[in-house]
Amino acid sequence: MNSRNIVRLFVTTLILGGLTGGIVGYLARWNEFAHLFTSADVKGILTSFIWLVGVGFIFSVISQAGFFAYLTVHRFGLGLFKSVSLWNSVQVVLMVFVLFDFIYLRHSNAETKGSLLTDLTLVSLIVIIAFIVAYLKMKQTNKSAFIPALFFMTGITIIEWVPVLRTNDQGWLYFMLITLLVCNTYQLLILNSMIEASQKELAAKKGLPRAETSEQSGK
C-alpha cells in the first residue's frame, strides 16, 4: 500500500473514530450528560461533544496502532510457521487464551471485579461481531482470511481495550469498546480496496494500462 492510501486510511479511520466517540460517548455515559439536554445547554452540549470526539480520536489511534502491529505479527507468524493452517491454529489457541484471561483476570482482581453477567455479555458481543466481520472478510478474500480476522476482532480488540479494563466504569467500558470495534471493522474490511487502489495507481504510473489497451486494440 502506497503512502497516499496509508494517509487516507489513517485520516478516514480517525474521523470515523471521532464521530463514533462523539455519538457513543453520549449514549454510554448518558447519566453524566443528560442534564445538558434537559436544560438545553447548547454551549455545554457542543463542548462535551468536542471533548468526546477528541477521546474518540485517541481510541481510533489505539485501534490503528493495534491494526498495524497485528499486520506485522501476522507476517512474522506466517514466516515462522511456514504454514497458513498451522499459524491459524496458533491464533485460535491465542484467541481462546485471551478470552479466558479477560474473564478470569478481571474476577481474580478485587479492583476490577464486577458483574460476571456483564463481562459475559461483553465477551459475547465481541465474539458475535467478530464472527460477522470475519465472515465478510472471508467473502472479500478467501477462506484462509477467516481465522486472522476473527483473532484480530477478538484478541487484538481486547488488548487495545486494556486501558479501561482496569476500571469498573461501565460507561467507559462500552464507550471505548464500541469505538474500537467500529474502527477495527472499518480497517479490516477497507484494507483490500486500499491495496487494490495502490496497485492500480502504481500500474498507472508505470504505464501498464496503456500497454494493455494497445494489446487489446491489436487483437
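The following legends describe views of a predicted model, from the whole chain to single residues.

**View 1. Overall fold of the predicted chain.** The chain contains 9 helices and 0 strands, so that its pattern along the sequence reads α-α-α-α-α-α-α-α-α. Along the principal axes, the C-alpha atoms occupy a box of roughly 70 × 45 × 25 Å. Of the contacts with a separation of 6 or more, 71% join residues 24 or more positions apart.

**View 2. Surface and charge of the chain.** The accessible surface amounts to about 12,400 Å², and carbon and sulfur atoms contribute 70% of this area. Among the 219 residues of the chain, 39% are buried. Side chains with a positive charge number 17 and those with a negative charge number 11. The centres of these two sets are separated by 10 Å.

**View 3. Helix α1 and its cover.** Helix α1 comprises the 26 residues 3-28. Its end C-alpha atoms lie 36 Å apart, which agrees with the 38 Å that should be spanned at 1.5 Å a residue. The buried residues of α1 include N5, L9 and T13 in its earlier part, together with G17, G18, T20, G21, G22, V24, G25 and Y26. Cover for the buried residues of this helix is provided by elements that include α2 (30-38), α3 and α8.

**View 4. Surroundings of T179 in helix α8.** T179 is part of helix α8, which runs over residues 170-205. Its relative accessibility is 0%, and T179 therefore counts as buried, the cut-off being under 20%. Leaving aside residues up to four places away in sequence, T179 touches G17, T20, G21, G56 and F59. Of these partners, G17, T20 and G21 also appear among the buried residues of α1, whereas G56 and F59 fall within the residue range 42-81 of α3.

**View 5. Helix α3 along its length.** Helix α3 is formed by the 40 residues 42-81. The distance from its first C-alpha to its last is 57 Å, close to the 58 Å expected at 1.5 Å a residue. The residue that follows α3 is K82.

**View 6. K82 in the loop after α3.** K82 is located in the loop between α3 and α4 (84-108). Its phi is positive, near 60 degrees, although the residue is not a glycine. Most residues other than glycine have a negative phi. K82 has a relative accessibility of 73% and therefore counts as exposed, for which the cut-off is over 50%.

Conventions:
Residues numbered from 1 in each chain as written. Predicted model: local features only at pLDDT ≥ 70, side-chain atom pairs only at ≥ 80, totals over all residues. Heavy atoms only, no water. Helix = DSSP H or I, 4+ residues; strand = E, 2+ residues; numbered from the N terminus. Buried < 20%, exposed > 50% of the residue type's maximum accessible area, 1.4 Å probe, protein only. Contact = heavy atoms within 4.5 Å. Areas by Shrake-Rupley, 256 points an atom, 1.4 Å probe, with all protein chains shown as cover. Lys, Arg positive; Asp, Glu negative; His and termini not counted. Charge placed at Lys NZ, Arg CZ, Asp CG, Glu CD. Expected span 1.5 Å × (residues − 1).
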